[in-house]
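Work through the exercises below with the structure in view. Try each task before reading its solution.

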Amino acid sequence: MRLRESLECVAEITPEAFEDLRRDLDPEWVLQALEATGTATVRSRRLPAEQVIWLVIGMALFRNRSIQDVVNKLNLALPSASLTVAPSSVVEARARLGAEPMAWLFGISADRWAHASAQQHRWRGLALYGADGTTLRVPDSKENARHFGYAQSVRGESAYPMVRVVGLMALRSHLLAAASFGPYDTGEISYAVNLWSSVPRDSLTIVDRAFFSARILIPLAASGTNRHWLIRSKKNLRWRVVQRLGARDDLVEMTVSREARRKQPSLPKTWVMRAVTYQHKGFRAQTLLTSLVDAEAFPAQEIVARYHERWELELGYDEIKTELLDREEAIRCRTPTGVQQELWGVFLAYNLVRLEMERVAAAAGIEPTRISFVAALRLICDEWLWCAIASPGAIPKHLRNLRAALTSLILPPRRSERSFPRAVKIKMSNYPRKRRSLTARPKGSK
């Protein structure tokens, strides 16, 4: 039954659903990004700034190709007597571009795409977002180590410098609405504060329980119109029940700590929220805390169901780290500015793929999460490479032949009744961990 439903959905998709990704980024946005950051190309160059932007995005989509190969294969350079671009030209062009235009371009495109998507998939009038943190490895260069730092654990420091990332994602389409990242030593809460200005009115932001903090959640709800939050309670939290709203559904009051009010004097002494307790078979009871205090407008059972949509953010991070970045040990760049530029390119590339997937889902009349990210990414990359070398007259015929390939895009409906507790599948290696202290040359070596 699921296979038949999937094939019926495929029949509704037009082959033209995946056209050139470059149509999605408005050329005016690219020019505005360059002008706003003072990096617009004034004189004619072999690799102008607007082409370098697409190079950085192409670096994210084609992880198995060298940067110079991305330039040559995607026809990013201007015509000239030479058939290829010198590697030094590519390095210089990326250095001239810097990270600011990529950040600016991601911001304006994400603001347009992600929020428009979230508006289409509302729950009881609220757009659904998720906010959480993750980490990425960067090359083990002196510059990256000095700027980003290493993660510390009982087993010592991490093998690579780490970037801490916090993202705001439209949960029902996986489009990134905003991102903040930087040195590992800076906590997730500090990065999350930078995202709240991107949260629109009439929304619900679901966050990880590590984000429970009065100085984070109170401003989120107070600084916008009808902006709400939902979080799972920690074990050590204490509150006073103000009113019974239903079975295991209470209006509660919590005291804001003196330390929090010292750091942020505008915080109130007490904090009113709603506590909804639930329990799935075979698991211990959990309590959700939320600013959605109206029990009639927002039933407790639906709040529980919404909280579990937070996992869509984890799936989105998996798509970026496992599929888009191909599970590489580290991204490419060995300088902090290069890392920042590359990460904004990764987030832009991810949103471009997700935007195309949402269009396919809309054409098929299904949810965007029913489209295979792996299949869509491969198809987009294949078509981009093919169209870069094909004659214009051959492209329409080739697109018509894509219908067979589109059968791999539609996933069967999720089996939400399944439950798999977290467990380790592969044991860590017993070999000693290689660290910088172990890589020093032995005495007497040249």
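**Exercise 1: a residue and its surroundings**

Task: In this predicted model, list the residues that S203 touches, leaving out those up to four places away in sequence.

Solution. Leaving out those sequence neighbours, S203 is in contact with L126, A127, Y129, N226, R227 and H228. Next, place the residue: S203 belongs to strand β6. Then look for a polar partner: a polar atom of the S203 side chain lies 2.7 Å from the backbone oxygen of P200.

**Exercise 2: accessibility**

Task: Decide whether S203 is buried or exposed.

Solution. The cut-off for buried is under 20% relative accessible area. S203 has 0% relative accessibility, so it counts as buried.

**Exercise 3: the sheet**

Task: Give the order of the strands in the open sheet, then find the strands at its edges.

Solution. The sheet has nine strands, in the order β5-β4-β1-β6-β7-β11-β10-β9-β8, with mixed pairing. The edges are β5 (175–183) and β8 (240–246); each has a single partner strand, so one side of each has no neighbour in the sheet. On average, neighbouring strands are turned by 25° against each other, direction ignored. For β5, the partner β4 (residues 162–170) runs antiparallel and is joined to it by eight bridges. In this pair, L168 is opposite A178 of β5.

**Exercise 4: helices on the sheet**

Task: Which strands do helix α9 and helix α12 touch?

Solution. Helix α9 (residues 214–222) packs on the sheet against β6 (203–207), β7 (227–232) and β10 (270–278). The direction of α9 makes about 145° with that of β7. Helix α12 (residues 311–324) also packs on the sheet, touching β1 (127–137), β4 and β5. The direction of α12 makes about 40° with that of β1.

Note on methods
Residues numbered from 1 in each chain as written. Predicted model: local features only at pLDDT ≥ 70, side-chain atom pairs only at ≥ 80, totals over all residues. Heavy atoms only, no water. Pairing = 2+ DSSP bridges. Helix = DSSP H or I, 4+ residues; strand = E, 2+ residues; numbered from the N terminus. Axes fitted to C-alpha atoms, helices over the stretch in contact; angles between N-to-C directions. Contact = heavy atoms within 4.5 Å. Buried < 20%, exposed > 50% of the residue type's maximum accessible area, 1.4 Å probe, protein only. Polar contact = N/O pair within 3.5 Å; in protein donor to acceptor, adjacent residues only side chain to side chain.
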